[in-house]
2 protein chains.
Amino acid sequence: VTSRSSGDPLVLPPGTSSEQFADFISRAKAICGAENVFIVETSDQLIDGTYKEPNKTHDMHAVLDRSYFVCSATISPRNVPEVQEMMRLCNEFDIPVWPFSIGRNTGYGGAAPRVPGSICLELGKNMNRILEVNTEDAYALVEPGVTYFDLHEYLEKHNLREKVWIDVPDLGGGSIIGNTIERGVGYTPYGDHFMMHCGMEVVLPNGELIRTGMGALPDKTSGHRDGLRPDEQPGNKAWHLFNYGFGPYNDGIFTQSNLGIVVKMGIWLMPNPGGYQAYMITFPRDEDLHQVMDIIRPLRIQMVLQNVPTLRSILMDAAVHGNKKSFSNSDKPLTDAELDEIAKKLDLGRWNFYGALYGPEPIREALWSIIKKAFSAVPGAKFYFPEDRHEEYSVLRTRALTLQGIPTFDELRWVDWLPNGAHLFFSPIAKISGDDATLQYQVTKKRCDEAGLDFIGDFVVGMREMHHIVCIVFDREDPESKKKAHWLIRTLIDDCAAYGWGEYRTHLAVMDQIAGTYNFNDNAQMKLNEQIKNALDPKGVLAPGKNGVWPSTYNKKAWAIPTD
Amino acid sequence: VTSRSSGDPLVLPPGTSSEQFADFISRAKAICGAENVFIVETSDQLIDGTYKEPNKTHDMHAVLDRSYFVCSATISPRNVPEVQEMMRLCNEFDIPVWPFSIGRNTGYGGAAPRVPGSICLELGKNMNRILEVNTEDAYALVEPGVTYFDLHEYLEKHNLREKVWIDVPDLGGGSIIGNTIERGVGYTPYGDHFMMHCGMEVVLPNGELIRTGMGALPDKTSGHRDGLRPDEQPGNKAWHLFNYGFGPYNDGIFTQSNLGIVVKMGIWLMPNPGGYQAYMITFPRDEDLHQVMDIIRPLRIQMVLQNVPTLRSILMDAAVHGNKKSFSNSDKPLTDAELDEIAKKLDLGRWNFYGALYGPEPIREALWSIIKKAFSAVPGAKFYFPEDRHEEYSVLRTRALTLQGIPTFDELRWVDWLPNGAHLFFSPIAKISGDDATLQYQVTKKRCDEAGLDFIGDFVVGMREMHHIVCIVFDREDPESKKKAHWLIRTLIDDCAAYGWGEYRTHLAVMDQIAGTYNFNDNAQMKLNEQIKNALDPKGVLAPGKNGVWPSTYNKKAWAIPTD
Ligand SMILES: Cc1cc2nc3c(=O)[nH]c(=O)nc-3n(C[C@H](O)[C@H](O)[C@H](O)COP(=O)(O)OP(=O)(O)OC[C@H]3O[C@@H](n4cnc5c(N)ncnc54)[C@H](O)[C@@H]3O)c2cc1C
Ligand SMILES: Cc1cc2nc3c(=O)[nH]c(=O)nc-3n(C[C@H](O)[C@H](O)[C@H](O)COP(=O)(O)OP(=O)(O)OC[C@H]3O[C@@H](n4cnc5c(N)ncnc54)[C@H](O)[C@@H]3O)c2cc1C
């Protein structure tokens with residue numbers, strides 16, 4: 001621990017002296033403009049933002065000490081060459097840099113870096129153009145700062161929703177690029193965002209700029225010409241039509257990784273299906289989960305369920321209606337009897353299923369009759385359309401928007417289940433089956449109980465599997481509550497790994513632990529990831545430790561997370 | 001040029017002495033068994049196979065001299081550890097190795113290696129088990145030697161087609177793994193084979209074994225236990241359900257690449273859709289191409305066209321009915337008048353469109369009425385179901401099988417359009433549009449004319465683009481014909497690059513040229529590919545030069561293809 005000099009940040013980048021840092025900052029200001037460089041000097045500056053106004057310096061849902069996952073400075077480049085120069089500068093100074101787009105990655109770490117004292121490179125502030133919306137071929141080309149809301153508003157403003165829809169996550173404030181490269185999910189038929197991306201422009205750790213897929217082929221007929229800046233060259237006309245291009249298909253290595261900074265990305269839009277109907281099906285009993293899942297599997301694999309549907313536990317819906325206090329005076333996990341009571345009060349099931357039908361009426365009719373018949377096998381199942389629900393904060397009415405690609409903020413309400421509500425996502429993958437769902441629910445619920453926390457979660461059903469999203473809500477001003485949440489997620493990771501379940505994405509605090517569970521054949525995959533990392537980023541400056549991948553310049557043990 | 005010693009192959013691996021080669025071979029025999037090592041000693045042994053009996057030593061549709069793309073020996077490992085040992089051996093001896101599964105990659109080089117004298121590693125001969133067919137979750141797990149025919153026959157034998165279908169290319173004799181990692185295409189809704197793969201087991205250039213995606217998480221509940229050989233460990237139960245796993249998603253870098261040998265792969269099967277109807281629509285005039293394409297685009301993007309449909313030029317169909325001689329005595333490219341004549345004679349259009357409807361009757365009806373109405377806008381369009389066509393070799397009757405995943409050999413017939421028929425595929429990507437299709441057709445047809453070859457081709461319509469497949473048929477016993485074919489493909493590559501079009505896959509002879517067209521920002525993508533290649537394969541032994549990616553141990557210029 002060195003004593004602080006004036007101008008020092010709260011946490012210096014590792015191995016960086018005060019002078020070096022000051023030098024670096026003045027060089028960074030020369031590149032990006034002083035107004036785009038913010039230094040975190042004191043812990044007073046670590047003010048938790050809100051989802052609507054996220055902070056850009058630390059994890060606003062901190063599960064460790066607020067000043068642990070913290071950057072030394074947040075720097076916001078204005079364009080692609082500045083991103084490239086920043087990468088070169090970080091290499092020159094050996095300073096780690098953590099890129100993010102918007103910083104709304106709550107539950108997974110927000111804007112915060114894995115290595116304390118890293119530079120946070122905020123891409124979304126100045127690089128936020130919608131570069132193209134092509135309704136004929138149904139795609140958009142965006143920069144990192146474009147949120148789902150931005151793109152949706154663009155469609156509305158230009159009257160384009162008659163032609164194309166977007167796919168949105170539960171909340172619409174995230175970056176399209178940030179969410180996609182984290183392999184986030186939405187709920188229309190286009191819910192697998194990475195599958196639906198097409199064509200990237202990426203700054204590599206050494207500052208080089210590539211375009212992937214067909215983007216690598218300069219297209220004179222699109223206006224590509226000598227003399228233009230590479231990032232300003234018009235793209236190949238098939239860049240956002242065909243993903244793979246020629247030779248190795250590299251896009252995947254830029255997802256959940258620390259191998260590049262994505263500065264442009266194409267995303268496929270869904271053609272307006274010519275008809276739409278959202279619905280909810282409620283199931284009265286906790287144990288209905290088993291039967292319901294076995295009904296879902298064949299319907300989803302056959303695409304009778306056309307979209308990414310969700311099966312939500314009662315508390316996930318209840319928490320949208322009100323906080324825990326509004327339902328109970330208990331400070332313990334709610335009992336089955338209490339949950340039944342809440343379900344009854346809200347006229348919901350213990351499990352509630354949200355889906356939608358897409359297409360002209362005869363197609364919707366045909367699908368609905370199959371779906372209705374299948375789920376009617378569950379005693380007490382009830383079927384609703386949005387107009388059947390009149391309560392304030394009706395989840396069905398919100399889902400009816402989400403499932404047609406209209407972003408909302410409503411789901412944010414469940415984060416406030418507890419006072420000073422913060423959350424961590426625990427999100428294991430499982431087979432779509434009654435046995436797996438029930439076992440995974442039991443295993444996770446048991447540990448929630450032990451931690452004294454309520455189980456709030458849902459199953460998000462993909463093409464052949466489901467993402468089980470367990471929302472660990474805690475009180476961020478209560479050290480005990482934070483400790484429990486941290487204990488809970490660490491315990492769940494190990495419990496689930498013993499059952500062969502792994503997570504699809506995670507928070508900074510447990511990246512190493514989860515990476516450690518994907519250890520087939522003596523960690524062969526991690527060795528491969530490290531080889532690639534070291535080749536592309538020999539100094540290890542780009543997001544060291546992201547998802548457990550440490551460059552050889554870091555001693556991974558020394559950076560282990562304190563767990564006390 | 002060294003003088004040959006006894007035991008020498010026709011072409012020694014580069015930089016390898018006779019003794020070293022002999023040593024290597026005896027070590028290889030010890031690993032794989034003498035019966036699995038075949039040395040190419042004389043050019044007499046280079047007997048062109050047929051599609052049904054492909055050779056494993058050279059390109060049986062050679063466009064250069066038959067002895068150019070030739071291996072020194074073909075070695076067929078019996079299991080994964082032998083593949084690993086062979087990789088270690090090749091590293092030890094600095095000998096290049098070219099893996100293939102079946103060797104039916106005709107039009108793209110067959111079994112032949114890019115570097116003459118490489119070892120051909122034939123994976124399919126001994127490693128050909130169908131390891132799992134899971135009808136509940138709709139996937140299969142296969143080894144390299146499993147062909148589309150094999151898997152289809154397995155489904156038939158076990159009466160599983162009621163539950164699941166496979167997706168097949170035009171011909172069913174290829175390897176599921178080989179085709180998928182070359183990013184080949186089929187024609188059902190599951191036609192994008194790479195998109196529909198899920199989970200790989202890969203031997204890296206250094207001999208290490210990884211499993212990708214969820215496969216990296218050992219699953220005790222599936223039987224994973226200490227002491228078992230890694231490749232024999234039962235896989236994670238979500239390995240073939242969820243592609244991405246955790247952290248960087250690496251599968252794409254093992255496609256069209258030289259970074260690994262895929263020894264197991266999961267592939268999603270299509271649930272039996274509960275109803276099926278294939279159809280053909282014929283369009284009378286050459287210039288209908290324009291209008292037809294603009295009709296196809298919105299229907300395909302909206303998935304009203306549910307599968308990967310094809311629009312075939314008259315000669316692609318005619319050549320299935322008979323060879324050129326059977327239609328004409330001309331040895332020049334057929335004229336428009338002659339083509340019209342042929343179309344009339346066969347009761348086909350100048351362009352013929354093949355698609356299918358999937359699902360229960362009401363869904364098929366709804367879709368068919370939209371499709372029929374849309375294409376009826378083309379004057380003279382005619383609509384057919386398979387039962388409407390009674391001629392021998394009806395392409396529609398064959399497509400009616402292909403489009404429901406039943407493999408055939410029928411399409412092979414067009415390769416015999418000329419005597420000693422051989423072929424090269426030229427396959428650029430384009431936007432689905434009348435303008436692009438027409439221009440690409442004109443540009444390619446003009447050069448076919450100049451080469452004195454008939455235009456035989458089709459447009460294979462993907463999600464947002466089309467693969468235009470130009471089948472360059474030549475006479476492999478006629479040096480002039482070969483020269484023309486080679487000139488034609490080289491010229492087309494440059495012509496198309498000038499229009500911004502690039503190819504999705506190619507023959508050994510033009511890999512460097514095509515890679516050179518994907519040169520955005522001073523070949524930034526190739527530099528990245530080379531960096532990764534050099535990191536994972538420092539000696540550059542695995543398939544050097546594949547798709548233009550040369551390791552630093554090779555002087556790429558010295559390996560340029562002779563073009564005279
Ligand atoms: C109530 C609630 C509901 C939610 N529902 C969903 C949901 O349905 N689906 C879902 O997926 N998520 C969901 N989330 C999580 C999260 O809000 C979203 O995923 C959000 O889109 C991520 O935030 P962001 O785009 O601002 O990410 P950022 O913070 O901008 O980025 C996240 C991470 O991605 C990487 N990254 C971002 N941009 C780049 C770039 N340009 N180059 C390289 N790396 C980059 C960095 O590692 C960064 O840390 C939910 C959150 C809440 C609170
Ligand atoms: C008339 C005709 C029609 C055709 N139609 C189609 C079509 O509709 N769609 C289509 O995609 N193709 C088509 N083809 C081309 C070709 O026949 C198929 O793609 C075939 O599946 C490839 O042959 P294979 O599987 O035997 O490949 P292989 O020769 O086994 O492999 C091809 C290449 O893939 C790589 N490879 C293979 N296996 C491995 C492995 N395990 N690990 C690492 N690398 C490996 C190697 O580079 C190898 O050279 C057609 C060909 C003809 C003649």
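1. Start with the charged pairs. Between chain A and chain B the count comes to 6 salt bridges. Keep in mind as you look at them that this is a predicted model. For scale, the structure holds 72 salt bridges over all chains.

2. Here are two of the pairs to find on your screen. B:Asp137 makes a salt bridge with A:Lys431, and their closest N and O atoms are 2.5 Å apart. The side chains of A:Glu136 and B:Arg297 also meet in a salt bridge, at 3.7 Å from N to O. A:Glu136 sits in the loop between strand S5 (130-134) and strand S6 (139-142) of chain A, while B:Arg297 belongs to helix H6 (residues 288-301) of chain B, so this pair joins two chains.

3. Now the polar contacts. Across the interface of chain A and chain B, 40 residue pairs are in polar contact, with both partners at pLDDT 80 or more. Which element gives the largest share of the side of chain A that touches chain B? That would be helix H15 (residues 520-536) of chain A, with 10 residues. As for the make-up of that side of chain A, its residues split into 47 nonpolar, 27 polar and 16 charged.

4. How much do the two chains cover up? The size of an interface is often given as the accessible area lost when the parts come together. Here chain A and chain B bury about 7900 Å² between them, and 65% of it is on carbon and sulfur atoms. Three residues to click on are A:Phe246, A:Arg464 and A:Phe520: they supply 13% of the area that chain A buries against chain B, more than any other three residues. In terms of contacts, 90 residues of chain A meet 90 residues of chain B.

5. Next, the symmetry. Turn chain A by 180 degrees, with 0.0 Å of shift along the axis, and it superposes on chain B with an RMSD of 0.0 Å. The two copies are therefore related as by a two-fold rotation axis. Both copies use the same surface, too: 100% of the contact residues of chain A recur in chain B.

6. On to ligand 1. It has 33 residues around it, and the closest are A:Ser101, A:Ile102, A:Ser175, A:Tyr187 and A:Lys546. Try tracing its polar partners one by one. A polar backbone atom of A:Arg104 is 2.7 Å from an oxygen atom of ligand 1. A polar backbone atom of A:Ser175 is likewise 2.7 Å from an oxygen atom of ligand 1. With A:Lys546 the partner is a polar side-chain atom, which lies 2.7 Å from an oxygen atom of ligand 1.

7. Last, ligand 2. Which of the 33 residues around ligand 2 come nearest? They are B:Ser101, B:Ile102, B:Arg104, B:Tyr187 and B:Lys546. B:Ser101 has a polar side-chain atom 2.7 Å from a nitrogen atom of ligand 2. Oxygen atoms of ligand 2 have partners as well: a polar side-chain atom of B:Asn179 lies 2.9 Å from one, and a polar side-chain atom of B:Glu182 lies 3.4 Å from an oxygen atom of ligand 2.

Notes. Residues numbered from 1 in each chain as written. Chains lettered and ligands numbered in written order. Predicted model: local features only at pLDDT ≥ 70, side-chain atom pairs only at ≥ 80, totals over all residues. Heavy atoms only, no water. Contact = heavy atoms within 4.5 Å. Buried area = accessible area lost by both parts, 1.4 Å probe. Salt bridge = Lys/Arg side-chain N within 4 Å of Asp/Glu carboxyl O. Polar contact = N/O pair within 3.5 Å; in protein donor to acceptor, adjacent residues only side chain to side chain. Helix = DSSP H or I, 4+ residues; strand = E, 2+ residues; numbered from the N terminus. Nonpolar A, V, L, I, M, F, W, Y, C, P; charged D, E, K, R; others polar. Least-squares fit on C-alpha atoms with pLDDT ≥ 70 in both. Near = heavy atom within 4 Å.
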